[in-house]
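Hi there,

Here is the structure I promised to pass on. Have a look at it, and then read on for what turned up.

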Amino acid sequence: MAGRGGSPRGRGSSSGRVRAAPSARGRGQGQGRGSPAGAAPSIRGRGRPLSADEAGAGAWAGARGAPAEEGGSAGADPRPRSSRRARGCGPRPGPGSEQQLRAVLARLSLARRDTVEAAALVNELAARLVQAVKRDISFHEVEKLGAGSYYEHLKISEPDEFDIMLKVPIPRIQLDECDATGAFHYVTFKRHPQKHLDKFLDDDGKLSADTMLLSVRNIIKEEVKNITNMTVTVKRKKPGSPAVTLLIEKPQTQISVDIILALEYRSQSWPRSTQDGLNIDQWLGKKVKQAFKQNPLYLVPKHAKNEKVIKASTWRLSFSHIEKDIIKNHGNTKTCCEYDGVKCCRKECLKLLKYLLEQLKAKHRSRRELDKFFSYHAKTAFFHMCARRPEDKDWQFKDLDRCFHEFLDYFLDCLQKSDLPHFFIPKHNLFSPDLVDMASSNFLSREIKYELNNSFPIFKLEN
DNA sequence: AGAGGCTAGTCGAG
DNA sequence: CTCGACTAGCCTCT
């Protein structure tokens, strides 16, 4: 649940209470949600899946249809808790399909040992950096917020990428859209300037994203010099990136940690460009939507590109906190996926699409067609798909194969039409031809169709 | 800041 | 396969 402000949906609450006290959520001990699911030995060897949040989409125009309703898919889900995710019990599933997908998913789960080790390093590093940043008067009030796949329990393969937002509360600011997307804004202070942030204003009185991020970057670089108990380096700055990326070197692997500066914007209402977004009325409910919209918004330093002129002072809206909350509370019913509720396969579908994209990107690393696809595309398509199929019964655990195929169909459709609206800012088309050219979408479409029609050979590669 | 409770996840024993 | 231990993260409450 997102910030204390009030994440909607008090989840366990049996009452109709919508946003209040989550305290009543208590249910039994959170114990054994056993799921053996053939714990694959941590797969560290696997082809480094490119960078964190990326994944593409795939679309396919025609080939739909094939969703193989294969023989009654593995056992009916209704097995209560534990056994729920066990793969392939019950009648034999058709070749490939259900059982194959579950095997893939089992391989994608994070090995606990890796998670424990990575979390210890990352948490220690993050705590130090937060302290260091807080020492600067301008950033006195920063707070940490875990964002991205790892914190959404959607990280696959290895816990090697972490996104950590540093929230800077900024009251009374004004946002002005700076281009047609509705995502990028200029930030100015209303009325009184805020003394501790004045030094980040540019000549026009706009808050300069570049300057502010650079300031954080310098603090971090200094602090990193003092760290002796692990090997950490600060990666070279990428123009237009909202993050300071750190690398923790470990004997076998490295962990990348993105520190993302984020202005915390609380206001009566979200900006106009978001007005028709977050279409979850049928899925999570209007009250939930309303409650989400009471949450603050975040702005991350990110150049509005897409135009000849690069604007150094722009900020992009970020909804990571809401996305995280939706993913955690993804059901039409409150009890979806609770330990005594019914398990759905939504997250599994998303993991599979992310994996597919990662693998395709890795396979075609040397070409450029897939460079423009990111896991955020998969996530966005996922939200739309959930909104189109709002009911838990549309996502039963036993229907993984069908659900995944339908999800891919939808994704292919988006690619083919070059149309994937940002889930929160509907007029912002993430597949707009200026962002993703036709050659790229066609290439990805073709690759996905190929995988679809051949039982996903790319999932079998062991590399 | 710290303690305690809870969830969602992995893993080991039988 | 099932059970339950164990753990990270997150939340609430002093």
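Lys-379 and Glu-152 form a salt bridge, with 2.8 Å between the closest N and O atoms. Lys-379 belongs to helix H7 (residues 375-388), while Glu-152 sits in the loop between strand S1 (143-147) and strand S2 (161-169), so the bridge ties together parts that are 227 residues apart in sequence. Please keep in mind that this is a predicted model. Both ends of the pair are out of the solvent by the usual cut-off: buried means under 20% relative accessible area, and Lys-379 comes in at 7%, with Glu-152 at 4%.

A search of the whole structure gives 23 salt bridges. Another one joins Asp-204 and Lys-206, whose closest N and O atoms are 3.2 Å apart. Is each partner there buried or exposed? Asp-204 is exposed, at 57% relative accessible area, whereas Lys-206 counts as buried at 18%. Arg-266 and Glu-264 also meet through their side chains, with an N to O distance of 3.8 Å, and Glu-264 is buried at 11%. There is a network as well: Arg-389, Lys-398, Asp-399, Arg-402 and Glu-406 are joined by salt bridges that share partners.

Now to the helices. The UniProt annotation "domain: Mab-21-like HhH/H2TH-like", from an unreviewed entry, covers residues 345-448. In the model, that stretch is 59% helix and 0% strand, and its end C-alpha atoms lie 20 Å apart.

How do H6 and H7 pack? Their axes are 9 Å apart and meet at an angle of about 150°. That makes H6 roughly antiparallel to H7, because angles over 145 degrees count as such. The crossing is right-handed. On the H6 side the contact is made by Arg-346, Lys-347, Leu-350, Leu-353, Lys-354 and Leu-357, and on the H7 side by Ser-375, Ala-378, Lys-379, Phe-382 and Cys-386. You will recognise Lys-379 from the salt bridge with Glu-152.

Helix H6 (residues 346-363) also packs against helix H8 (residues 400-417), at an angle of about 55° and with the axes 9 Å apart. These two helices are therefore oblique to each other, and the crossing of H6 and H8 is right-handed. H6 contributes Glu-348, Cys-349, Leu-350, Leu-352, Leu-353, Leu-356 and Leu-357 to this contact, and H8 contributes Leu-400, Cys-403, Phe-404, Phe-407, Leu-408 and Phe-411. Leu-350, Leu-353 and Leu-357 of H6 appear in the contact with H7 and also in the contact with H8.

Helix H5 (residues 320-328) is worth a look too. Of its 9 residues, 7 are buried, so H5 is largely enclosed by the rest of the structure. The buried ones are Ser-320, His-321, Ile-322, Glu-323, Asp-325, Ile-326 and Ile-327.

Finally, two backbone details. Leu-278 has a positive phi, near 50°, although the residue is not a glycine. Leu-278 lies in the loop between strand S7 (254-265) and helix H4 (286-292) and counts as buried at 0% relative accessibility. Phe-456 likewise has a positive phi, of about 55°, without being a glycine. Phe-456 is placed in the loop between helix H9 (438-453) and helix H10 (457-460), and is buried with a relative accessible area of 3%.

Best wishes

Technical notes:
Residues numbered from 1 in each chain as written. Chains lettered and ligands numbered in written order. Predicted model: local features only at pLDDT ≥ 70, side-chain atom pairs only at ≥ 80, totals over all residues. Heavy atoms only, no water. Salt bridge = Lys/Arg side-chain N within 4 Å of Asp/Glu carboxyl O. Helix = DSSP H or I, 4+ residues; strand = E, 2+ residues; numbered from the N terminus. Buried < 20%, exposed > 50% of the residue type's maximum accessible area, 1.4 Å probe, protein only. UniProt positions renumbered as here; feature names shortened; annotations may be inferred. Axes fitted to C-alpha atoms, helices over the stretch in contact; angles between N-to-C directions. Parallel < 35°, antiparallel > 145°, perpendicular 65-115°, else oblique. Left-handed = near helix turned anticlockwise from the far one by under 90°. Contact = heavy atoms within 4.5 Å.
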